[in-house]
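Notebook open, structure loaded. I want to go through cysteines, cores and rings, in that order.

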Amino acid sequence: MKKMLTLLFVLLMMAMLSCAVAEDEPTWYECGDFYYILLEDGTAEISLVKLSSNHVTVPAELDGHLVTSIGEYAFEYHTDLLTVTLPDSITSIGYMAFSECFSLFSVKLPDNLLSIGDKAFFSCSALSSIDLPDRVISIGDHAFTCCDSLTLIRLPASVTTVEKNTFDQQLIHVSPDNPVLASIDGVLFNKVTKELIYYPRSKTAANYCIPQGIKSIGVSAFSNHPYLTSVTIPDSVTHIREEAFGSCSALSSIILPDSIVSIEDYAFACCDALASINLPQSITYIGFQAFYYCDRLISITVTPGSYAEQYCKTLELPYIYPDTNDWLLN
């Protein structure tokens with residue numbers, strides 16, 4: 001009897017949980033080529049699009065509801081889509097909304113757009129230009145990566161938040177009125193924190209000199225760059241963030257100044273060509289797998305008694321002292 005009551009209790013709980021999940025799922029409505037859901041404020045969010053044409057104009061209203069958002073995955077993988085025009089009522093574009101629309105070459109963004117979500121235009125390889133409205137505030141992670149035809153992005157004064165890996169090869173031009181961001185020769189900086197945010201992979205020069213005054217090298221700032229063989233870091237830099245130089249396959253030379261305090265996780269991971277590096281005495285922290293898969297790194301110069309020396313000993317990395325070969329001069 002007890003077993004039967006226990007079984008009934010379990011079945012009842014499963015049924016209640018199933019009903020709760022079902023109640024939490026929004027109702028989809030259909031209007032023409034568009035499926036949508038209603039948000040809490042009564043406005044509509046596009047959930048899915050049926051392509052009856054390669055050129056889509058999203059209406060400002062669906063069944064009398066103002067359209068304010070393009071939901072996640074709404075246009076994803078519509079490989080025949082060529083152009084999209086969005087109404088000014090839309091304020092947000094969601095996660096992967098236009099991801100992998102390989103033929104999409106033109107998007108008319110609304111004047112009232114405030115946010116562009118993660119991977120919103122990921123791998124839109126035909127997209128050659130895009131105008132960001134003057135009200136956009138944030139652009140998500142990987143929003144414009146793998147957009148091979150997109151060579152330049154202009155950021156208006158309103159954009160104050162750019163996530164890591166938002167771009168990969170586009171040169172950046174920032175409005176001089178922007179209070180937070182700035183660009184120098186297509187490279188993106190945070191002028192408040194003095195951080196280098198992003199270095200375009202389209203830059204083919206072998207060498208780059210970071211401007212004096214920069215204090216930190218941002219997360220993934222140089223990652224996966226195929227051409228850089230050397231980077232000059234000024235003595236104003238104190239922090240090298242996570243994956244800052246990760247997978248820079250050609251990077252063979254980098255000199256760290258005595259100002260460096262921390263090197264974060266995977267900062268130089270998979271730098272296949274890096275053969276030597278000097279870790280100054282000023283360093284007080286080196287993160288997890290900072291030199292992971294640097295197979296050619298056979299010479300790390302450290303100061304006796306320093307944090308860097310202990311780091312190398314702990315991980316059994318080969319190291320030398322600055323004066324190791326002074327005996328040759330005596």
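**Cysteines**

I started with Cys-271, which counts as buried at 0% relative accessibility. A caveat before I go on: this is a predicted model.

Next I checked how far the Cys-271 sulfur is from the closest cysteine sulfur. That partner sits in Cys-294, 5.1 Å away, too far for a bond. The cut-off I used for a disulfide is 2.5 Å between the sulfurs.

Then I looked up Cys-312. Cys-312 is buried too, at 0% relative accessibility. Its closest cysteine sulfur is again in Cys-294, but here the gap is 12 Å, so no bond there. Tally for the whole structure: zero disulfides.

**Cores**

I pulled up the largest nonpolar core, and it has 49 residues. Phe-75, Phe-98, Phe-121, Phe-144, Leu-155 and Leu-188 have the most contacts inside it. I also wanted to know which elements feed this core. Those giving two or more residues are strands S2 (34-38), S3 (44-49), S6 (65-70), S12 (152-155), S14 (171-174) and S17 (195-198). S3 gives the largest share, three residues.

I zoomed in on Phe-121 and left out residues up to four places away in sequence. Its contacts include Phe-98 and Phe-144, both also on the list of residues with the most contacts in the core. Among the others that Phe-121 touches are Ile-93, Val-107, Leu-109, Ile-116, Leu-127 and Ile-130. Ala-143, Thr-145 and Cys-147 are on the contact list of Phe-121 as well.

There is a second, separate core of 40 residues, and I noted Phe-189, Phe-245, Leu-251 and Ile-283 as included in it.

**Rings**

I counted aromatic pairs and got 20, taking ring centres within 6.5 Å as the rule. I picked one pair to look at: Tyr-208 and Phe-222. Their ring centres are 6.1 Å apart and the planes are at 50°, so I logged the pair as tilted.

Where do the two rings of this pair sit in the chain? Tyr-208 is in strand S18 (207-209), while Phe-222 is in the loop between strands S19 (216-217) and S20 (230-232), so the pair ties together parts 14 residues apart in sequence.

I checked burial for both: Tyr-208 is buried at 15% relative accessibility, and Phe-222 is buried with a relative accessible area of 1%.

Both rings belong to one aromatic cluster, together with Tyr-199, Phe-245, Phe-268, Phe-291 and Tyr-311. Phe-245 is a name I had already written down for the second core.

Last lookup, a charge over a ring: Lys-119 lies over the face of Phe-122, 5.3 Å from the ring centre.

How values were computed. Residues numbered from 1 in each chain as written. Predicted model: local features only at pLDDT ≥ 70, side-chain atom pairs only at ≥ 80, totals over all residues. Heavy atoms only, no water. Phe/Tyr/Trp six-rings, centres within 6.5 Å; stacked < 30°, edge-to-face > 60°. Helix = DSSP H or I, 4+ residues; strand = E, 2+ residues; numbered from the N terminus. Buried < 20%, exposed > 50% of the residue type's maximum accessible area, 1.4 Å probe, protein only. Lys NZ or Arg CZ within 6 Å of the ring centre and 35° of its normal. Core = buried A, V, L, I, M, F, W, Y, C linked by side-chain atoms within 4.5 Å. Contact = heavy atoms within 4.5 Å.
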